[in-house]
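This briefing walks through one protein model with a bound ligand, topic by topic. Please keep the sequence and the structure in view while reading.

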Amino acid sequence: MKISLTVDREKCKKCTSCIAECPFDLINEDKEGFPQLRKAAVKKCIRCGHCMAVCSADALDITISPLAASLLVNKDLLPSTDTVQHFLLSRRSIRSYKKRRADHDTLAQALDVTRYAPSAHNGQPVHWIMVEDPAEVKKLAGMVVEWMRELKVFPGLIRAWDQGEDKVLRGAPHLAITHADPGKSEHPVEDCTLATCYLDLSLHSHGLGSCWAGFLVQAFQHYQPIIDALALPENHKVYTALMLGYPKFRYRHIPQRDDVKVRWK
Ligand SMILES: Cc1cc2nc3c(=O)[nH]c(=O)nc-3n(C[C@H](O)[C@H](O)[C@H](O)COP(=O)(O)O)c2cc1C
């Protein structure tokens, strides 16, 4: 898309916030002190939309993130520090799930906020596979066990599976997997991890539980049959996965964690 910046000169207060906030210094002042886009923006703009979004006077519009399509930040909807802290502390990795499935719209809503996770250069390289069908989740868990069986590792998990208990994906009804093309992102691990953290927390806000599926991700790194089963686009790799569903049990307490390891300087 062709990039261009429009400045409403009636509204612009020349406060320079758009100039200060542009990550690549792509905006400067014209002769009259109004912001203008530098030519370099054609190649260097990362489409973050910060110039439009930071303007307190709604004076800026930019083609790559139109003002009319932008939500206003609603201070009344922002939680207090106490609320956020308690929310973060109360998220747990969930390993027992109800059979009840989450409805499609709830999953779609939880997933939608991941678009706002930070990504290197605002590259937004993260792709998702949301496995809604519990039978498909079970099939993937079975393939992880087959991989473990071939390698002769994790005998306890294999034994449990053979006795009808899924200790790999914990009988979760759903599974979210991230994948990306490492050739198209400088930091696919970080980008996928951050998007997954957003989903983890977003699910928590919907009363859903989740748990990082480490065994599954390991299998995706090494076991061709499970890689083939996902039919990823060319060059894409799997980076993270979350098993998810409604928690069977509610956590009453917040467990202890180590003190923060920090050196203040
Ligand atoms: C990268 C990563 C991989 C993980 N893999 C698994 C896994 O395969 N199975 C599992 O039950 N938990 C897994 N976990 C969950 C951790 O065990 C859990 O986060 C930790 O015990 C702390 O518990 P909490 O998340 O409830 O605070 C994983 C966590 C991370 C960050």
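**A sheet and its surroundings**

His 127 has His 179 as its bridge partner in β6. The model is a predicted one, and its secondary structure comes to 10 helices and eight strands. The points below start from the sheet to which this bridge belongs, and then turn to a helix, the ligand and the loops.

**Overall dimensions and contacts**

- The C-alpha trace of the protein spans about 75 × 45 × 45 Å along its principal axes, and 28% of the 265 residues count as buried.
- Among the contacts in the protein with a separation of 6 or more, 74% are accounted for by residues that lie 24 or more positions apart.

**The four-stranded sheet**

- Four strands make up an open sheet whose order is β5-β6-β8-β7, with antiparallel pairing.
- The edges are taken by β5 (127–131) and β7, and because each of these has a single partner strand, one side of each is left without a neighbour in the sheet.
- Neighbouring strands of this sheet are turned against each other by 25° on average, when direction is ignored.
- Strands of a sheet pair through backbone hydrogen bonds, in either a parallel or an antiparallel manner.
- The antiparallel pairing of β5 with β6 runs over five bridges, that of β6 with β8 over seven bridges, and that of β7 with β8 (residues 237–245) over four bridges.
- Individual positions fix the register: Ala 180 stands opposite Lys 237 in β8, while Trp 212 has Leu 242 as its bridge partner in β8.

**Strand β6 and its two faces**

- β6 is mostly covered, since seven of its seven residues are buried.
- On one side of β6 the buried residues are His 174, Ala 176, Thr 178 and Ala 180, and on the other they are Leu 175, Ile 177 and His 179, so that both faces of the strand are covered.

**Helix α8 against the sheet**

- Helix α8 (residues 188–205) packs on the sheet, where it touches β6 (174–180), β7 and β8, and its direction makes about 10° with that of β8.
- The 18 residues of α8 should span 26 Å at 1.5 Å a residue, and the end C-alpha atoms are 26 Å apart, which agrees with that expectation.
- The buried residues of α8 include Pro 188, Asp 191, Cys 192, Ala 195 and Thr 196, together with Tyr 198, Leu 199, Asp 200 and Leu 203.
- An α-helix has 3.6 residues a turn, so residues three or four places apart point the same way.
- The cover over the buried residues of α8 includes α5 (104–112) as well as the strands β6, β7 and β8.
- After α8 comes Gly 207, whose phi is positive and near 80°.

**The shell around the ligand**

- Which residues lie around the ligand? They are Arg 92, Ser 93, Arg 95, Cys 211, Trp 212, Ala 213, Gly 214 and Phe 215.
- By class, the shell around the ligand divides into four nonpolar, two polar and two charged residues.
- β7 (209–212) and α9 (214–222) each supply at least two residues of this shell.
- Trp 212, one of the residues around the ligand, is also the residue whose bridge partner in β8 is Leu 242.

**Loops, backbone angles and the segment after β8**

- Most residues other than glycine have a negative phi.
- Arg 170 has a positive phi of about 55° although it is not a glycine; Arg 170 lies in the loop between α7 (155–162) and β6, and it counts as partly exposed because it has 19 C-beta neighbours inside 10 Å, where 20 would be needed for a buried residue.
- Asn 235, likewise not a glycine, has a positive phi of about 75°; Asn 235 is placed in the loop between α10 (224–230) and β8, and with 10 C-beta neighbours inside 10 Å it counts as exposed.
- Tyr 251 is found in the segment after β8 and is exposed, with 12 other C-beta atoms within 10 Å.
- Although Tyr 251 and Ile 94 are 157 residues apart in sequence, their C-alpha atoms are 9.5 Å apart in space.

Key:
Residues are numbered from 1 along each chain as its sequence is written. This is a predicted model: local features need pLDDT of at least 70, side-chain atom pairs count only at pLDDT 80 or more; totals for chains, interfaces and linings use all residues. A residue is near a molecule or strand if its C-beta atom, placed from the backbone, lies within 6 Å of it. Ala, Val, Leu, Ile, Met, Phe, Trp, Tyr, Cys and Pro count as nonpolar, Asp, Glu, Lys and Arg as charged, and the others, Gly among them, as polar. Two residues are in contact if their C-beta atoms, placed from the backbone, lie within 7 Å. Two strands pair if DSSP finds at least two bridges between them. Axes are lines fitted to C-alpha atoms, for helices over the stretch in contact, and angles run from 0 to 180 degrees between N-to-C directions. The expected span of a helix is 1.5 Å times one less than its number of residues.
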